[in-house]
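Got the viewer open? Here is a walk through one structure, stop by stop, with something to select at each.

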Amino acid sequence: MISDQRGARVQGMFDRIARHYRLMNTLMTAGQDRRWRRHLVDRAALPRNGRLLDLATGTGDIAREALRARPDLRVTGADFSTGMMQAGRRMSDAASMHWVSADAMHLPFADNCFDAVASGYLVRNVIDIPQTLYEQMRVLRPGGRLVILESSPPPPSLLRPFIELHLRLVIPLMGRVIAGPAGASAYRYLPRTTQAFHTPQELTGLMQAAGLLEVSWRRFMFGTMAVHEGVKPSP
Ligand SMILES: C[S@@+](CC[C@H](N)C(=O)[O-])C[C@H]1O[C@@H](n2cnc3c(N)ncnc32)[C@H](O)[C@@H]1O
């Protein structure tokens, strides 16, 4: 099912840290991660009874925020880590969404079948961003919105040395303490890939190249998180 070696490594890593994933998010972001997910859902601007795809749903946290804010929505969460989805499915509200095992590079959905596609912390993990954007565009209906929450390399500022210290030392240490050796390696991977990832301007360029219109973005947490949005053109 997984088309590349990096995908297989990423899948194994998330399977191993699934049990501790939500606690680590809360600790690393001082509880701010929920706010960004809520903003993401808001920017998806879904119609009444709209269909949302939460791609790379993991433990289902974006889907969960969407359904809290908008119980009318029909929400599908898709991910290739069954460990992450199993952890999410143990939660009491899991039955209100539809869970699908899928690789973001080859989605098992028909063309134009969602009103919005959201992803949180997916694009930094894939080997081919244009391919996953292509797939997201394919399943999104014309006029629908594609929204992305992703970490960003810290921008130049007086705070940057402290942010880098947090990324390089504090987060891996937290990972080791909370999730053991698997956590130490996963939470070294997170800062490494964040620092090497595209700037928000570069990700904007990739989204425009995929055909999205009205692409814009907003930064959070001293510039280390960004929410991007764009619209699929109508024919
Ligand atoms: C950091 S977690 C994010 C989970 C959730 N979106 C959130 O906001 O907390 C990243 C998720 O992306 C998934 N993922 C990474 N690459 C993927 C791919 N190619 N196809 C499907 N899921 C993928 C991982 O399995 C993992 O569950």
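What follows is a tour of a predicted model, starting at the ligand and moving outward from there.

**Stop one: the ligand**

Select the ligand and bring up the residues around it. There are 21 of them, and those that come nearest are Ala56, Gly58, Ser81, Ala104 and Gly120. Now colour that shell by class: you should find eleven nonpolar, seven polar and three charged residues. Which helix gives the most to the shell around the ligand? That's H1, with four residues. To find it, select 5-17; helix H4, at 61-69, also supplies at least two residues of the shell.

**Stop two: Ala56, then Ala45**

Stay with Ala56, one of the residues that come nearest to the ligand. Ala56 is found in the loop between S1 and H4. Check its backbone: phi is near 65°, a positive value in a residue that isn't glycine. As background, most residues other than glycine have a negative phi. Is Ala56 buried or exposed? Buried, because 25 other C-beta atoms lie within 10 Å.

Next, select Ala45, in the loop between helix H3 (33-43) and strand S1 (51-55). Ala45 also has a positive phi, near 45°. Its surroundings put it in another class: Ala45 has 14 C-beta neighbours inside 10 Å, so it counts as partly exposed.

**Stop three: the nonpolar core**

Select Leu40, Leu52, Val117 and Ala118. They have the most contacts inside the largest nonpolar core, a set of 61 residues. H7 gives the most to this core, with six residues. Zoom in on Ala118 and show what touches it. Leaving out neighbours within four places in sequence, you'll see Leu40, Val41, Ala44, Leu52, Asp54, Ile62 and Val147.

**Stop four: H2 against H7**

Now select helix H2 (residues 21-28) and helix H7 (residues 160-196). Two packed helices are described by the angle between their axes and the distance between the axes. Here the axes come within 11 Å and cross at roughly 145°, and the crossing is right-handed. Show side chains to see who makes the contact: Leu23, Met24, Leu27 and Met28 on H2, with Ile171, Met174, Gly175, Ile178 and Ala179 on H7. By class, that contact has eight nonpolar residues, one polar and no charged.

**Stop five: H5 and H6**

Select helix H5, residues 82-89. Its buried residues are Gly83, Met84, Met85, Ala87 and Gly88. What covers the buried residues of H5? The cover includes H1, H2, strand S2 (74-79) and strand S3 (98-101).

Then move to helix H6, residues 129-139. Here the buried residues are Ile129, Thr132, Leu133, Glu135, Gln136, Met137 and Val139. They pack against S1, strand S4 (114-120), S5 and helix H8 (200-209).

**Last stop: Glu150**

Finish on S5, which runs over residues 140-151, by selecting Glu150 in this strand. Glu150 counts as buried because it has 21 C-beta neighbours inside 10 Å, and 20 is enough for that label. Which residues does Glu150 touch, not counting those up to four places away in sequence? They are Tyr121, Val123, Arg124 and Ala226. Put a distance label between the C-alpha atoms of Glu150 and Val123: these residues are 27 apart along the chain, and the label should read 7.2 Å.

Definitions and conventions:
Residues numbered from 1 in each chain as written. Predicted model: local features only at pLDDT ≥ 70, side-chain atom pairs only at ≥ 80, totals over all residues. Near = placed C-beta within 6 Å. Nonpolar A, V, L, I, M, F, W, Y, C, P; charged D, E, K, R; others polar. Axes fitted to C-alpha atoms, helices over the stretch in contact; angles between N-to-C directions. Left-handed = near helix turned anticlockwise from the far one by under 90°. Contact = placed C-beta atoms within 7 Å. Core = buried A, V, L, I, M, F, W, Y, C linked by C-beta atoms within 7 Å. Buried ≥ 20, exposed ≤ 12 C-beta atoms within 10 Å, placed from the backbone.
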